[in-house]
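These are my notebook entries, kept while I looked through a structure that was new to me. I wrote down each item as I looked it up.

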Amino acid sequence: MRQLAHMLDTRQATSREIVTRYLEQIAQQEPQLNAFITVDEEGALLQAEEADRRRAEGRALSPWDGIPIAVKDNISTAGLKTTCASRFLENYRPLFDATVVDNLRQAGLPIIGKTNLDEFAMGSSTEYSAYGVTRNPHDLSRVSGGSSGGSAAAVAAGEAPWALGTDTGGSIRQPASFCGVVGLKPTYGAVSRYGVVALAPSLDQVGPVATTVEDTAILFSLIAGPDRRDASSSEARPFQVPRWDEQFVTGLKIGVPEEFFGEGLDQEVEQAVRKCLAELESRGAVLVPISLATNEYAIDTYLTLVTAEASSCLARYDGVRYGTRVAAADSNTMFSKSRAAGFGSEVKRRIMLGTYVLSASHYEAYYEQAQKVRTLIKRDVLASFEEVDVVITPTTPTPAFRIGAKRNPLEMYLSDLFTAMANLSGIPAISVPCGKDSKGLPLGIQIMASHFQEELLFKVAYMVERGCL
Amino acid sequence: MTNFDTVIGLEIHVALLTESKFLCSCKTSFGAPPNSQCCPVCLGLPGTLPLINEKAVEYGAKAGLALGCEIHYFSRFDRKNYFYPDLPKAYQITQDAFPLCTNGFLEYYVDDQLFRTEITRIHLEEEAGKLIHSGQSIVDSEYSLVDYNRAGIPLIEIVTAPDIHHPKQARLFLEQLRLLMRYIGVSDTKMEEGSLRCDANISLKPKGSSVLGTKVEIKNLNSFRALERALEYEELRQSQVLSGGGVVRQESRTWDERAGKTMSMRSKGDAPDYRIFPEPDLPPLNLDPVWVELIAANVPELPLARLRRLERDYGLSRYDATFLVNYPEFCELFFQVAERGLGYEDVVNFLMGDYARLAREKGHLSAERISELLTLVDEGTISQGQAKEVLSSLFSSGLSPREIVQERGLEVVDDPGRLEPVIREVLAANPDLVRRLQDGETKLYSFFVGQVMRATQGKADPEVVHKLLRGELGK
């Protein structure tokens, strides 16, 4: 990104030229990839021209003024369709920008388009989009991951230099891993959720996707910070892109939880992660075997909470004020017909599950129990950070799977096996590419740190990027 | 009826008088054009998030303090999920497991007897929008429109213990509660505008039994009268069911004002499962004890304390004191006028008389004007009758009472030297009547007093006239 910024700064290129180049790439790639739901060619060029004008007048909003970005289609953009990959919101144009979008505009980033996702971010493959699957740029027969599959694929295929995604249980990290790019799930509360269409408010976070660790850090610095419109946003100090120091790894204590290297882990994934850990060790890091035993319960806990919260958050799509409405003789029938017509099967499945776990007769056994387990998981995670600085695991058990390979929802849910823990405990986690398997599919390594330790996370990620690719 | 004890508990919703809504910054004024006071947040648009209005929490705590509640420094918000067209998010943000206030009470008089009702809890929640049906109700309407101006206005829900035993007691409790809310200034509590709403739970049990009967919830009580009438109806209905060997069904019933009866709405089995769970978009409330102390310090004198003070320090009757307590602006005037050394009872009588009617139409006079007027009567400058005349012109003219008296030449004439010639003239003009009076028809005295008053344009002091007449006729 520094190169693009330098070119703009030294007048070697205009924003209009850069945006045009990405639009050409989009035109070329989209027929195969389908990473975008909406490409805003006109809007992006208009914003690019404004950026060029600002720069010519010496009023650039930031070093990145004029560098375009793609935004996941569950993040509100004023006047630009925000469908959440749902039929229900096919024609929904928000009246306002999400705070993160506002942050991008404040930095002068033209929004080039809205990327594909699993409907309402419910999924791990972008197959559950009402607008078709997003294919993996490294192998078009495979999924790009999800739910931020569109963002990861767009960045991987050079359709956008960077993108925003959202991560509720792994939805940034898993597709980043599948597509060979970097993706960060920030600390809960580090980035505003205002204007981000909720899946599960206690778990959702917006985060950056980019091709390098540094670009990811730069994008994170643009969106991080408190927002008075989001009561869950934190007053943490502003994030600064760290200085890259290769010596820093000396003495760094890296926790390696054995539970993440057991049964079900693809051998090539394991080899790549182990190799990377060895590399870090050779540079002076100390590997500490640790246990995160509660991860065994992470998926069940995650699913219980996410479906419960989602069933409530998605209840507002009733056809009264916006979105799909199927007329009926009475309001209850209108609600159910509109929802039946507007929602896809995975969304319906999760709403049913969530309604069930919150119902009076099952609340205690499911929702309340899951909250208790969540507390235990959080404790387990925080205890590990008293011993080690960061925890490193594979991002996903396997590389990108084939489109249509996971017919069983339970199998799909297991894609989040290594990632959900960070959401449940609110800690930041990043996925960084760590090589490819024998089929040429990208592999990802996950680094986790304690709350608001993004700076540390990026420093370690930077070392991984140097040493393991 | 005599075989049963009635048990009543109330759930009262009070709209708080904050300038902006509970979870966004929209205005709350009543009567604005439909959907002119809403924003993405209170419309529940995708991605919007709630923010707590601190003023609403303050008012909620103030209500709790005025009702003697325990204020919880820690309280939490929950979601109550249900579908209805007036509920934008399809859930209501409320407080379920950890309410703001618990364990309070309210004291009030029923026929001179002091009653006390326990307040179980008070919690904060948001209001829904308003449906406007093309027909009578949502069921028989061709279409219904939604106005979201009301959606998101802060409410407190006040829940009483089931320790009210008569329909009238329930009404008087609610009236006292309304007065209290107005005293502390947290709500305008207008039942007709919906800023005070009440649902009632009522059950009957055999006299003396400690086991509660099956309760019925009554909704759609839009006035104090409706509350009392609905409870009376339901008391009778349930006692007839029970006396006939029947069983009262646990259900919600709606009050039909025109028919004067309650009608079944839904039974317990049909009650929705609200799937209540902690609100993930809002952190719990953690109140600063010092902040709560400051609110407590701002709770003004409450109605019952004022009643007792008026009785004790001013020697007023319960009736007079109650009038003043019920009408705080009158009470304020009373205190100001009474301070100027006028008779307390005279002041109350004045305020409760013609003044009350005129003030309600035209607004209040200043304490200064009132005390001047009362002083004029007190010192005998004008009569009670003249005072009435001065009073009505005070509401329209900018003159002071003394100036009006002067301008109109109003004064009491009690000088016998000026009155006697008039009396003689009147007697001379009615010789027949004078004879009849002298023959013992004494009621004619008032006729002659009236004639003298007339001849003096009402200025004559009637008592002096009466005395002089007696003297004249006794000759």
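I began with Asn201(B), and I found its place in strand β11 of chain B, the strand that covers residues 196-206. The model is a predicted one, so I keep in mind that every entry here describes a prediction.

Next I asked whether Asn201(B) counts as buried, exposed or partly exposed. I noted 18 C-beta neighbours inside 10 Å, and because a buried residue needs 20 or more and an exposed one has 12 or fewer, Asn201(B) counts as partly exposed.

I then looked up which residues Asn201(B) touches, leaving out those up to four places away in sequence. The list I wrote down is Ile8(B), Gly9(B), Pro162(B), Lys215(B) and Glu217(B). I also looked up Asp111(B), which lies 90 residues from Asn201(B) along the chain, and I noted 23 Å between their C-alpha atoms.

For chain B as a whole, I noted a division into domain 1 (4-295), domain 2 (303-408) and domain 3 (416-474). Taken over C-alpha atoms, the centres of domain 1 and domain 3 of chain B are separated by 66 Å.

Turning to where the two chains meet, I found that the contact takes 25 residues from chain B and 33 residues from chain A. On the side of chain B that touches chain A, I noted 17 nonpolar, three polar and five charged residues.

I then moved to chain A, for which I recorded 15 helices and 13 strands. Its C-alpha trace spans about 70 × 60 × 45 Å along the principal axes. I compared its radius of gyration, 21 Å, with the value near 23 Å that a compact globule of 469 residues would have, and the two agree. Buried residues make up 60% of the 469 residues in chain A. Among its contacts between residues at least 6 apart in sequence, 75% join residues at least 24 apart.

My last entry concerns two helices of chain A, α9 (residues 298-313) and α11 (residues 345-358), which pack at an angle of about 100 degrees with their axes 7 Å apart. That angle makes α9(A) roughly perpendicular to α11(A). On the α9(A) side I listed Thr304(A), Thr307(A), Ala308(A), Ala310(A) and Ser311(A) as making the contact, while the α11(A) side includes Arg350(A), Ile351(A), Leu353(A) and Gly354(A). Sorted by class, the contact of α9(A) with α11(A) has six nonpolar, five polar and one charged residues.

Definitions and conventions. Residues are numbered from 1 along each chain as its sequence is written. Chains are lettered from A and ligands numbered from 1 in the order in which they are written. This is a predicted model: local features need pLDDT of at least 70, side-chain atom pairs count only at pLDDT 80 or more; totals for chains, interfaces and linings use all residues. Domain bounds come from an automatic or database domain assignment. Axes are lines fitted to C-alpha atoms, for helices over the stretch in contact, and angles run from 0 to 180 degrees between N-to-C directions. Helices (H or I, at least four residues) and strands (E, at least two) are DSSP runs, numbered from the N terminus. Angles under 35 degrees count as roughly parallel, over 145 as roughly antiparallel, 65 to 115 as roughly perpendicular and the rest as oblique. Two residues are in contact if their C-beta atoms, placed from the backbone, lie within 7 Å. Ala, Val, Leu, Ile, Met, Phe, Trp, Tyr, Cys and Pro count as nonpolar, Asp, Glu, Lys and Arg as charged, and the others, Gly among them, as polar. The radius of gyration is taken over C-alpha atoms; the globule rule is 2.2 Å times the number of residues to the power 0.38.
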